[in-house]
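Hello,

Here is the structure we talked about passing on. Please look it over, and read the notes on contacts below it.

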Amino acid sequence: MRFDDKLNPQLFSDVAERIAQAVAAGASTTKNKSSQLRRFYDEFVMWQEKVGNSEERFQHYLPFVMMLKAKVAYAKGRDHVDQNFEAFLRHLLDQCTSAERLRLGKLFFEAFMAFYKVYNNK
């Protein structure tokens, strides 16, 4: 998953689906519950909405956005998520280097959540 200047046409479809399948494979009764992953998605969306298209706001809120890495590490430490979801979220956050890429990250996370619901129908 990369947010380059020229986006992969399958980024929000095939790529998101493959990642969702990998994360769903590690799901159990305690790990990678949809509700847990949804909390991360909701927070990601909240920060993206605060930033909007403003690079100035992006720079202001970036430390708070990146705090999601600490939160996912904590969730992994408590066995709420597995290493696949932690790796996914950390990589997603690393791709968010501007307001526009944060917007793309939100769209990718949205596609991921849609596919995750299909593959984790427990």
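**Aromatic pairs**

F85 and F88 sit three residues apart in helix 4, about one turn of the helix. Please keep in mind that this is a predicted model. Both of these residues, F85 and F88, are buried.

A search of the whole structure gives 14 aromatic pairs. In one of them, the ring centres of F85 and F88 are 5.8 Å apart and the planes stand at 50°, so the pair counts as tilted; that class takes in angles that are neither under 30 degrees nor over 60.

F88 also pairs with F108, again as a tilted pair, with 6.1 Å centre to centre and 40° between the planes. This second pair links distant parts of the chain, as F88 belongs to helix 4 and F108 to helix 5, 20 residues apart. F108 is buried, and F88 is too.

These residues belong to a cluster linked by ring pairs, made up of F12, F40, Y41, F44, F85, F88, F108, F109, F112 and Y116.

**Salt bridges**

There are five salt bridges in the structure. Three of them are described here, beginning with D79 and K31.

The side chains of D79 and K31 form a salt bridge at 3.8 Å, N to O. It links distant parts of the chain: D79 lies in the loop between helix 3 (55–77) and helix 4 (83–95), while K31 lies in the loop between helix 1 (11–25) and helix 2 (34–51), 48 residues apart. D79 has a relative accessible area of 42% and is therefore partly exposed. K31, at 25% relative accessibility, is partly exposed as well.

D94 and K69 form another salt bridge, with 2.5 Å between the closest N and O atoms. This pair too joins distant parts of the chain, D94 being in helix 4 and K69 in helix 3, 25 residues apart. D94 counts as partly exposed at 44% relative accessibility. For K69 the relative accessible area is 21%, and K69 is partly exposed; the cut-off for buried is under 20%.

What separates R103 and E100 along helix 5? The two residues are three apart in that helix (residues 99–119), so about one helical turn lies between them. Their salt bridge has its closest N and O atoms 2.7 Å apart. R103 counts as partly exposed at 30% relative accessibility, and E100 counts as partly exposed at 37%.

Regards

Technical notes:
Residues numbered from 1 in each chain as written. Predicted model: local features only at pLDDT ≥ 70, side-chain atom pairs only at ≥ 80, totals over all residues. Heavy atoms only, no water. Salt bridge = Lys/Arg side-chain N within 4 Å of Asp/Glu carboxyl O. Helix = DSSP H or I, 4+ residues; strand = E, 2+ residues; numbered from the N terminus. Buried < 20%, exposed > 50% of the residue type's maximum accessible area, 1.4 Å probe, protein only. Phe/Tyr/Trp six-rings, centres within 6.5 Å; stacked < 30°, edge-to-face > 60°.
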